[in-house]
Amino acid sequence: MKAFRPWWTFDLLSGVRELNFGRLGWGDAELKAFAVVLPLCGQLETLRLPWNQFGDAGMAAFAEALKPTPEIRTGALAKLATLSLFNNRIGDEGLSAFAGAVAKGALPALKELWMIGNQVSGPGCAALVAALSSGAMPSLVTSSLLFNPASDATRAGVYAALAS
């Protein structure tokens, strides 16, 4: 896939506050390509990526793009408040990569995380609990892992960590 980045891409993306890329059939390759431009979206507050087909590999690239760097100390999407990832193919490896990024300080303003209908079970939830317990995502008030293979007790652990 050849990257197309005209000169005006930076100006356009730097001011965008909401993006909705739902139901586009994006797989791992498309999410990896999108991850490349995430650092340009510094004002982004809402990102919707529901009903696509990306899984752990795409989510790992997305998580890597979120991590703080020496140039962007709060991470690529420091103002993001809502992240919708429902009904994709994200499993434990993808959620663990995401949890690792937020544990390093990514997404400090995130208030809502929607992970409904993915393929997350115990190990992914455990990684998210560890990140939440370390103080990651201090603004997070709402999250849902319904319709994932994780047990009710495992999801309850995530919600308990969120509440503490």
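Read from start to end, the protein chain alternates its elements in the order α-β-α-β-α-β-α-β-α-β-α. That pattern is made of 6 helices and 5 strands. Please keep in mind that you are looking at a predicted model.

Let's start with the overall build. The C-alpha trace spans about 50 × 30 × 20 Å along its principal axes. The radius of gyration of the protein chain is 15 Å, which agrees with the value near 15 Å for a compact globule of 164 residues. Of those 164 residues, 43% are buried. Contacts reach far along the sequence: among those with a separation of 6 or more, 87% join residues 24 or more positions apart. On the outside, the chain exposes about 8000 Å², with carbon and sulfur atoms supplying 58% of that area.

Now turn to helix H3, residues 56-66, where the buried residues are Gly58, Met59, Phe62, Ala63, Ala65 and Leu66. Viewed down the axis of H3, these buried residues fall within an arc of 160 degrees, so they line one face of the helix. The spacing is a familiar one: an α-helix has 3.6 residues a turn, so residues three or four places apart point the same way. And what do the buried residues of H3 pack against? Their partners are helix H2 (28-37), strand S2 (46-48), strand S3 (82-84) and helix H4 (92-103).

Helix H2 also takes part in an aromatic cluster, in which ring pairs link Phe21, Trp26 and Phe34. The structure holds 3 aromatic pairs. In one of them, the rings of Phe21 and Trp26 have centres 4.9 Å apart and planes at 25 degrees; being under 30 degrees, the pair counts as stacked. Phe21 and Phe34 meet in another way: their ring centres are 5.3 Å apart and their planes lie at 65 degrees, so this pair is edge-to-face. The Phe21–Phe34 pair links distant parts of the chain, 13 residues apart, with Phe21 in the loop between strand S1 (18-20) and H2, and Phe34 in helix H2. As for burial, Phe34 is buried at a relative accessible area of 8%, and Trp26 counts as buried at 14%. Phe21, at 22%, is partly exposed, because the limit for buried is under 20%.

Our last stop is helix H6, residues 152-163, which contains Arg155. Is this arginine buried or exposed? Arg155 is buried, with a relative accessible area of 10%. Its side chain reaches the backbone oxygen of Ala150 at 2.6 Å. Leaving aside residues up to four places away in sequence, Arg155 touches Leu145, Leu146, Asn148 and Ala150.

Technical notes:
Residues are numbered from 1 along each chain as its sequence is written. This is a predicted model: local features need pLDDT of at least 70, side-chain atom pairs count only at pLDDT 80 or more; totals for chains, interfaces and linings use all residues. Side-chain values use heavy atoms; hydrogens and water are left out. Helices (H or I, at least four residues) and strands (E, at least two) are DSSP runs, numbered from the N terminus. Buried means under 20% relative accessible area, exposed over 50%, partly exposed in between (1.4 Å probe, protein chains only). A polar contact is a pair of N or O atoms within 3.5 Å; within protein, one must be able to donate a hydrogen and the other to accept it, and residues adjacent in sequence count only if both atoms are side-chain atoms. Contact means heavy atoms within 4.5 Å. The arc is that of the directions from the helix axis to the C-beta atoms. The radius of gyration is taken over C-alpha atoms; the globule rule is 2.2 Å times the number of residues to the power 0.38. Accessible areas come from the Shrake-Rupley method with a 1.4 Å probe; for residues, only the protein chains shown count as cover. Rings of Phe, Tyr and Trp (its six-membered ring) pair if their centres lie within 6.5 Å; planes under 30 degrees apart count as stacked, over 60 as edge-to-face and the rest as tilted.
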